[in-house]
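User: Please take a close look at a single part of this model and walk me through how that part is held in place. I would like the salt bridges treated with care, and a note on where the model should not be trusted.

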Amino acid sequence: MTPPKASPVLFTDIDGVYNSDSYYRKLPPKTYLGVRPDPEHFDPRAVSLLNKVVEATGCRVVVTSNWRLHHTRATLNKFLAHAGWQGTLYGVTPDLSRGWFEHGPRHEEIKAWLRTEAKRGVPVSRWVALDDKPIQELGESLVLTTKEDGLTEAKAQEVIARLSGVVGKLCSSYPTG
């Protein structure tokens with residue numbers, strides 16, 4: 001049996017990446033307590049940039065957002081598809097929460113996911129985390145977006161460059177132990 005080919009992975013948040021304050025300001029107000037239906041949380045412009053990243057790099061997309069704790073991967077795929085997503089989410093990071101209000105550290109959840117994939121014999125060539133939170137422990141593997149703008153063309157190009165090996169470090173340089 002041929003071992004699986006190593007491929008890049010994009011770990012991604014949702015809020016502040018595929019939605020943003022500037023996107024929400026463009027939407028008409030809702031009448032029910034100001035809550036928007038979940039599919040409208042996804043900005044088609046930002047999702048089209050996700051499609052561009054996947055097309056350019058062949059990366060697998062893994063959700064790190066707390067949305068993964070409240071929605072199945074299939075539901076998240078539907079929400080993204082509503083905004084133009086053309087792919088399928090590969091997975092979600094494990095939940096290392098320490099209680100209802102204390103979510104697990106995102107960098108630890110990414111390390112746990114990488115360890116699991118390594119044990120399964122599924123190699124990762126490179127990886128990037130896309131998030132609007134400045135998670136220092138991710139170092140150069142983090143591409144930082146903003147809550148105001150979400151995923152922009154410039155940030156998508158940075159992700160493509162890093163996942164393609166133009167800039168950044170190999171995932172093996174990130175300690176997973």
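Analyst: What follows starts with helix H4, moves to the charged residues around Arg 106, and ends with the cores and the confidence values.

This is a predicted model, in which local features need pLDDT of at least 70 and side-chain atom pairs count only at pLDDT 80 or more, while totals for chains, interfaces and linings use all residues. Residues are numbered from 1 along each chain as its sequence is written, and side-chain values use heavy atoms, with hydrogens and water left out.

Helix H4 covers residues 106-119. Helices (H or I, at least four residues) and strands (E, at least two) are DSSP runs, numbered from the N terminus. The end C-alpha atoms of H4 are 20 Å apart, which agrees with the 20 Å that its 14 residues should span at 1.5 Å a residue; the expected span is 1.5 Å times one less than the number of residues. Gly 121, which follows H4, has a positive phi, near 80°.

Buried residues of H4 include Arg 106, His 107, Trp 113 and Leu 114. Buried means under 20% relative accessible area, exposed over 50%, and partly exposed in between (1.4 Å probe, protein chains only). Among the elements that cover the buried residues of H4 are strands S1 (7-12), S2 (60-63), S3 (91-92) and S4 (124-131).

Arg 106 counts as buried, at 15% relative accessibility. Arg 106 forms a salt bridge with Asp 13, with the closest N and O atoms 3.3 Å apart. Since Arg 106 lies in H4 and Asp 13 in the loop between S1 and H1, the pair ties together parts that are 93 residues apart in sequence. A salt bridge is a side-chain nitrogen of Lys or Arg within 4 Å of a carboxyl oxygen of Asp or Glu. Asp 13 is also buried, with a relative accessible area of 3%.

A network of salt bridges links Asp 13, Arg 106 and Asp 131. Asp 131 sits in strand S4 and is buried, at 1% relative accessible area. A polar atom of the Asp 131 side chain lies 2.9 Å from the backbone nitrogen of Lys 133. Leaving aside neighbours within four places in sequence, Asp 131 is in contact (heavy atoms within 4.5 Å) with residues including Val 17, Thr 64, Leu 142 and Thr 145.

The structure holds 13 salt bridges. Another one joins the side chains of Arg 25 and Glu 148, at 2.3 Å from N to O. Arg 25 is exposed, at 57% relative accessibility, and Glu 148 is partly exposed, at 32%.

Now the cores. A nonpolar core is a set of buried Ala, Val, Leu, Ile, Met, Phe, Trp, Tyr and Cys residues joined through side-chain atoms within 4.5 Å. The largest nonpolar core has 28 residues, and Leu 10, Phe 42 and Leu 130 are among those that touch the most other members. Its largest share, 5 residues, comes from H2. Leu 114 of H4 belongs to a second, separate core of 12 residues, which also includes Phe 11, Leu 138 and Leu 142.

As for confidence, the mean pLDDT (the predictor's confidence in each residue, from 0 to 100) is 87, and 82% of the residues reach 70 or more. Over residues 169-177 pLDDT stays under 50. Where pLDDT is low, the predicted coordinates should not be read in detail.

Methods
Polar contact = N/O pair within 3.5 Å; in protein donor to acceptor, adjacent residues only side chain to side chain.
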